[in-house]
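User: Could you take a close look at how the helices and strands pack in this one? I'd like a single connected walk-through rather than a list.

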Amino acid sequence: MTSAREERPRALLAGASRRWVRLLPWGVAFLLFFALLPTTIQVLGADYGLNGGIASGLAVVQTAPLLLAVVRPLRAWYMVFAADVAGALVLLAVDFEERLVWPFPPMEIVGYVGLCLALGLREPRRTLLLVWLATAGAGVGLEFAAPHGTRGNGTLLTILGAVALVLAAALRERHEAQRGLAEQKTISEAERGRRTLLEERARIARELHDVVAHHMSVITVQADTAAYRLDRLPPDVREEFTSIAATARRSLGEMRRLLGVLRNEEAHGELAPQPGLAQIGQMVEATARAGLPVEFTPCATDVPEAEALAAYRIVQEALANVVRHAPGAPTRVSVSESGSESGARLTVLVVNGPPPEPPAAPLEAPLEAGGTGHGLVGMRERVRLLGGTLDAGPLPDGGFRVAARLLLKEKDFT
């Protein structure tokens, strides 16, 4: 049953996106059948003088397989080819006028060329070559048996069949090449997006590693020096501090070994302390000095380092996008804290207007040498990892708005 399911035929052009293209082979097949069937009966009976029953039988066998050609063109070719050769041999038994062509009357040539088009759209090159060789062999061979000097048209059928096979095969291969390119483009875009996401996650992990490593180092130092800073500690308390310091050192070492693979040899700048809310003002000032009109509303509150770093990176990427895509546009940057029932939130807002007319030249703003370069992908990933939300999109006036809301889970992080 599996093999029967795999061999289930598909109609020609069944994979086309437009419905009229999918129906085109059926329309052509029915048109050829209903046009050639009565014509073949009339020509074979009235012009060539065949018996009515024989003419009708030949006409059905030569034209009915054209309907099958939409689904199984090679099987239809077997039947039509055999019927056309048999028809040519039958015509040798009747005395028809010398003006009539032989071995293939015109209506048979029309049907055969249509069948060759169907073959070219479905079968591989090797099969098409064998079909053409059989057509050429039958056409040339039958011409040697032409009765009473009748003009043979086997060569004409051979040429027309070859043209139809080559044309249809070229159209099919061109379509397959375009489809392959489209699929490859889709795969490449998906891989590019996935690679960008992985790179941004690696960068975030490295930055979080630096933040967490700092806190773990502080815990280790505080636990190790507790015995010297605090007088008259009981022995069990001293032992507890020693255990805390040892656990912190082990955790720090394991974290560094685990995340060390995320550091590449060129990431020397990430060994420096990571920027936070205080550095946003410096970045905005540098951007303003470069010629971009920026208004900044700072936030004086203390927030955890991870959220502060995320806020800095979001502003950095948003300003970089303004510099690249809307140079000279007036921009407003604000960082604020708000409280709600679900907890405190840090809101980062970067809004720019439309670029001036005519567009100004792109600015060379010293945002930071190690910018992410991943745009909204990096912003969304940072916000998602911190349990926040990001709203980014164009404005009706031609500007752009980036709004990030980061959840501050704990205020007392010291």
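Analyst: Let's start with a helix pair in this predicted model: helix α3 (residues 52–63) packs against helix α5 (residues 73–91) at an angle of about 155°, and their axes lie 8 Å apart. Since an angle over 145 degrees counts as roughly antiparallel, that makes α3 roughly antiparallel to α5. The crossing of α3 past α5 is left-handed. On the α3 side, the contact is made by I54, L58, V61 and Q62. What does α5 bring to it? M79, V80, A83, D84, G87 and V90. Sorted by class, the contact between α3 and α5 has seven nonpolar, two polar and one charged residues.

Now for the strands. Five of them form an open sheet, in the order β1-β2-β3-β5-β4, and the pairing is mixed. β1 and β4 (389–394) sit at the edges with a single partner strand each, so one side of each has no neighbour in the sheet. From one strand to the next, the twist averages 10°.

Going across from the β1 edge, strand β1 (residues 294–297) pairs with strand β2 (residues 331–338) in the parallel sense, over four bridges. Two spots to click on there: F296 is opposite V333 in β2, and T297 is opposite S334 in β2. How does the chain get from β1 to β2? The path goes through helix α11 (residues 305–325), and this β-α-β crossover is left-handed. If you're browsing the model, that's a good part to rotate and look at for yourself.

Next along, β2 is joined to strand β3 (residues 344–352) by eight bridges, and these two run antiparallel. One pairing to look up is V335, whose bridge partner in β3 is V348.

Over at the other edge, β4 and strand β5 (residues 400–408) also run antiparallel, joined by six bridges. Here T389 stands opposite R405 in β5.

There's also a helix on the sheet: α10 (residues 277–289) packs there and touches β1, β2 and β3. The direction of α10 makes about 165° with that of β1, and over 145 degrees counts as roughly antiparallel.

So, to pull it together: the α3 and α5 pair is roughly antiparallel with a left-handed crossing, while the sheet is open and mixed, with α10 packed on it.

Conventions. Residues are numbered from 1 along each chain as its sequence is written. This is a predicted model: local features need pLDDT of at least 70, side-chain atom pairs count only at pLDDT 80 or more; totals for chains, interfaces and linings use all residues. Side-chain values use heavy atoms; hydrogens and water are left out. Two strands pair if DSSP finds at least two bridges between them. A crossover is right-handed if, with the strands pointing away from the viewer, the path from the first strand over the helix to the second runs clockwise. Axes are lines fitted to C-alpha atoms, for helices over the stretch in contact, and angles run from 0 to 180 degrees between N-to-C directions. Angles under 35 degrees count as roughly parallel, over 145 as roughly antiparallel, 65 to 115 as roughly perpendicular and the rest as oblique. A crossing is left-handed if the near helix is turned anticlockwise from the far one by less than a right angle, and right-handed if clockwise. Contact means heavy atoms within 4.5 Å. Ala, Val, Leu, Ile, Met, Phe, Trp, Tyr, Cys and Pro count as nonpolar, Asp, Glu, Lys and Arg as charged, and the others, Gly among them, as polar.
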